[in-house]
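Trainee: Could you take me through a structure with a bound ligand, feature by feature, and show me how each one is read?

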Amino acid sequence: MLIQEREFLKSEGDEWFKRNIHKFAENSPEISILCNWLMPFQKEVQTILEIGSGGGNKLSQMCWQLNSKGHGIDPSNLAVDYANKNYGDKCIFEIGTADSLPSQLEKFDLIHFGFCLYLVSRDRITDCLKQADLLLKPGRFLSIIDFDPQKPHVNEYVHFKGLKSYKDNYYKMFCDLGNYTLVNKYSFSEGNHYFSLDSSVRTSLTLLFKEK
Ligand SMILES: C[S@@+](CC[C@H](N)C(=O)[O-])C[C@H]1O[C@@H](n2cnc3c(N)ncnc32)[C@H](O)[C@@H]1O
């Protein structure tokens, strides 16, 4: 079995970046919704960590809308270089994976996962949740944009033979830790800004609060 993290560090992170670079100039409507939800708490959201930050455009958008400082982590060299060059005024980016984050990170006011957790190896997912939890200040927020299937299932990752897409309800996993409360959920789908009757294409944005 391929170790997903190793493949993303080696090549698939860069391949994702090359396939998607043409989209980075667009603002994301989901990120705008997230920032609107967080606007009443803007003063509390001084620092944001995005895990799986890709080209850095989403983190940059969050930092502009919330007037925050950002830190992005991604396994792709190309993505990290691009993000530091283009969004380095409010954010810094470095290489890493969700199960093995850089050790010197301070705690953050908001941690965001955008279509990242579905790529994490199953034997590392618990570790990823724990590492994110350790890096989030109590009384602050965590947000997730990811697939939102009715039932968890595994698909082939279409861009790389042998890798998997693990479609699961990641916000529930954080809630199951016991100290997270679901604040808001926006259901949409691949290609549409509304809930899909077909559970296989459902995605969602969730905002969670870490209780003190
Ligand atoms: C679908 S892209 C999403 C990028 C960005 N978050 C967004 O929403 O546009 C997934 C990103 O996660 C990165 N990635 C893959 N596996 C990862 C892991 N185990 N830990 C952190 N990032 C990972 C990939 O390199 C890629 O940049």
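**Reading the ligand site and its surroundings**

Mentor: Let us begin with the shell around the ligand, to which helix α1 (residues 4-20) contributes the largest share, namely four residues. Please keep in mind throughout that this is a predicted model.

Trainee: Which residues come nearest to the ligand?

Mentor: A residue is counted as near when one of its heavy atoms lies within 4 Å of the molecule. Here 17 residues surround the ligand, and those that come nearest are Glu 50, Gly 52, Lys 58, Asp 74 and Ala 98. Sorted by class, the shell holds eight nonpolar, five polar and four charged residues.

Trainee: Which atoms of the ligand lie 2.8 Å, 2.7 Å and 2.6 Å from polar atoms of Glu 50, Gly 52 and Asp 74?

Mentor: For a polar contact, one looks for a pair of N or O atoms within 3.5 Å. Glu 50 places a polar side-chain atom 2.8 Å from a nitrogen atom of the ligand, while in Gly 52 it is a polar backbone atom that lies 2.7 Å from a ligand nitrogen. Asp 74, in turn, has a polar side-chain atom 2.6 Å from an oxygen atom of the ligand. As for how far the ligand is covered, it exposes 590 Å² when taken alone, and the protein buries 95% of that area.

Trainee: Asp 74 interests me; which residue is its bridge partner in β3?

Mentor: Strands are said to pair when at least two bridges are found between them. Strand β2 (residues 69-74) and strand β3 (residues 91-95) run parallel and are joined by five bridges, and within this pairing Asp 74 has Ile 95 as its partner in β3. Together with helix α4 (residues 77-87), β2 and β3 make a β-α-β unit that is right-handed.

Trainee: Is Lys 69 buried or exposed, and is Ala 132 buried or exposed?

Mentor: The reading rests on relative accessible area, where under 20% means buried and over 50% means exposed. Lys 69, which belongs to strand β2, counts as exposed because its relative accessibility is 52%. Ala 132, by contrast, sits in helix α5 (residues 125-135), and it counts as buried because its relative accessibility is 0%.

Trainee: What separates the C-alpha atoms of Lys 69 and Glu 30, and what separates those of Ala 132 and Phe 174?

Mentor: Separation along the chain and separation in space are best read side by side. Lys 69 and Glu 30 are 39 residues apart along the chain, and 19 Å lies between their C-alpha atoms. For Ala 132 and Phe 174, which are 42 residues apart along the chain, the C-alpha separation is 9.8 Å.

How values were computed: Residues are numbered from 1 along each chain as its sequence is written. This is a predicted model: local features need pLDDT of at least 70, side-chain atom pairs count only at pLDDT 80 or more; totals for chains, interfaces and linings use all residues. Side-chain values use heavy atoms; hydrogens and water are left out. A polar contact is a pair of N or O atoms within 3.5 Å; within protein, one must be able to donate a hydrogen and the other to accept it, and residues adjacent in sequence count only if both atoms are side-chain atoms. Accessible areas come from the Shrake-Rupley method with a 1.4 Å probe; for residues, only the protein chains shown count as cover. Helices (H or I, at least four residues) and strands (E, at least two) are DSSP runs, numbered from the N terminus. Ala, Val, Leu, Ile, Met, Phe, Trp, Tyr, Cys and Pro count as nonpolar, Asp, Glu, Lys and Arg as charged, and the others, Gly among them, as polar. A crossover is right-handed if, with the strands pointing away from the viewer, the path from the first strand over the helix to the second runs clockwise. Buried means under 20% relative accessible area, exposed over 50%, partly exposed in between (1.4 Å probe, protein chains only).
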